[in-house]
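Biologist: I'm new to this one, so could you walk me through the labels and the reasoning behind them?

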Amino acid sequence: MLKIDIISLFPEAFFGPFDSSIVKRARESEIVEINVVNLRDFTEDKHRRVDATPYGGGPGMVLKPEPIFKAVESLKTADSTVILMTPTGTPFKQSVAQELTSEKHLIFICGHYEGVDERVRMALVDREISIGDFILSSGNLAAMVISDAVIRLLPGALGSDASSVDESFSDGLLEYPQYTRPVDFNGMAVPEVLLSGNHKNIEKWRKQKAVELTQQRRPDLIKGN
């Protein structure tokens, strides 16, 4: 079973997303265990302060190292991988999600405000990950995204483990178009090949459409292969 601990200033933000759909079923089936830890529980002053102004000046506040160190040290074991959610991290991809499924324990540090004290990155963090070239209010949503992407790849998390094999990015391409009933909807018909029952031709069509779609929308994926 994969264990995930998330260190956040706002643990309540995770209640809904982790209590529904695939993640909920994976938790109930004991495929994954998820715990969200409140960073303020590791402060020692009466105001439970976790941030301070940055040395050198500048706008905003920076998360202090002491509570983060205490939080990580209270959770970390020999099997832990500590991940910092940061826009300066390595871009998150399906291949990274697949890599993380081999871990036994993930600890996510969710930054906030202007980020975390650099000494956190230097001394505590094993991996730094970004989910895109944009800025969020905190690392909460990023931790949710990565957790979801990893959990659905765990054996037994989906109704069929084959469901994750043909998805976009699983083979370096975007997924081919999908159709279901009815055969004709508002004059738009399902391609004949999908109704033929000829699995060889269907596989060939799907591969062709996946390549075409990737060339149109994400040519960078083709060049990367």
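Modeller: Sure, here are a few labels from this predicted model, each with its reasoning.

Biologist: Let's begin with Ser138. Why is Ser138 called buried?

Modeller: Buried means under 20% relative accessible area. Ser138 has 16%, so it counts as buried. You'll find Ser138 in the loop between E7 and H5.

Biologist: What makes Ser138 and Asn140 a polar contact?

Modeller: A polar atom of the Ser138 side chain lies 3.2 Å from the backbone nitrogen of Asn140. The cut-off for such a pair is within 3.5 Å, so the distance fits. Leaving aside neighbours within four places in sequence, Ser138 also touches Gly111 and His112.

Biologist: And Leu136, in the loop between strand E7 and helix H5: why does Leu136 count as partly exposed?

Modeller: Leu136 has a relative accessibility of 33%. Partly exposed sits between under 20% for buried and over 50% for exposed, so Leu136 gets that label. Leu136 also joins Phe134 and Leu141 in a nonpolar surface patch of about 270 Å².

Biologist: Next, the aromatics. Why is the pair of Phe14 and Phe18 called tilted?

Modeller: The structure holds one aromatic pair, and Phe14 and Phe18 form it, with 5.7 Å from centre to centre and 35° between the planes. Ring centres must lie within 6.5 Å to pair, and 5.7 Å passes. Planes under 30 degrees apart would be stacked and over 60 edge-to-face, so 35° comes out as tilted. Both Phe14 and Phe18 are buried.

Biologist: How do you know that Pro17 is partly exposed?

Modeller: Pro17 has a relative accessible area of 37%, and the label covers values between the 20% and 50% limits, so partly exposed it is. Pro17 is in the loop between strand E1 and helix H1. Setting aside neighbours within four places in sequence, Pro17 is in contact with Val23 and Met144. Pro17 and Val145 are 128 residues apart in sequence, yet their C-alpha atoms are 9.7 Å apart in space.

Biologist: What makes Ser21 and Arg48 worth pointing out?

Modeller: Most residues other than glycine have a negative phi. Ser21, in helix H1, has a positive phi of about 55°. Arg48, in the loop between strand E2 and strand E3, also has a positive phi of about 55°.

Biologist: Last one: why is the bond from Arg181 to Pro182 called cis?

Modeller: Its omega is near 0°. Most peptide bonds are trans. Pro182 itself is in the loop between H5 and strand E8.

Note on methods. Residues numbered from 1 in each chain as written. Predicted model: local features only at pLDDT ≥ 70, side-chain atom pairs only at ≥ 80, totals over all residues. Heavy atoms only, no water. Patch = residues over 30% accessible without salt bridge, like charges linked within 9 Å, V, L, I, M, F, W, Y side chains within 5 Å. Areas by Shrake-Rupley, 256 points an atom, 1.4 Å probe, with all protein chains shown as cover. Salt bridge = Lys/Arg side-chain N within 4 Å of Asp/Glu carboxyl O. Buried < 20%, exposed > 50% of the residue type's maximum accessible area, 1.4 Å probe, protein only. Helix = DSSP H or I, 4+ residues; strand = E, 2+ residues; numbered from the N terminus. Polar contact = N/O pair within 3.5 Å; in protein donor to acceptor, adjacent residues only side chain to side chain. Contact = heavy atoms within 4.5 Å. Phe/Tyr/Trp six-rings, centres within 6.5 Å; stacked < 30°, edge-to-face > 60°.
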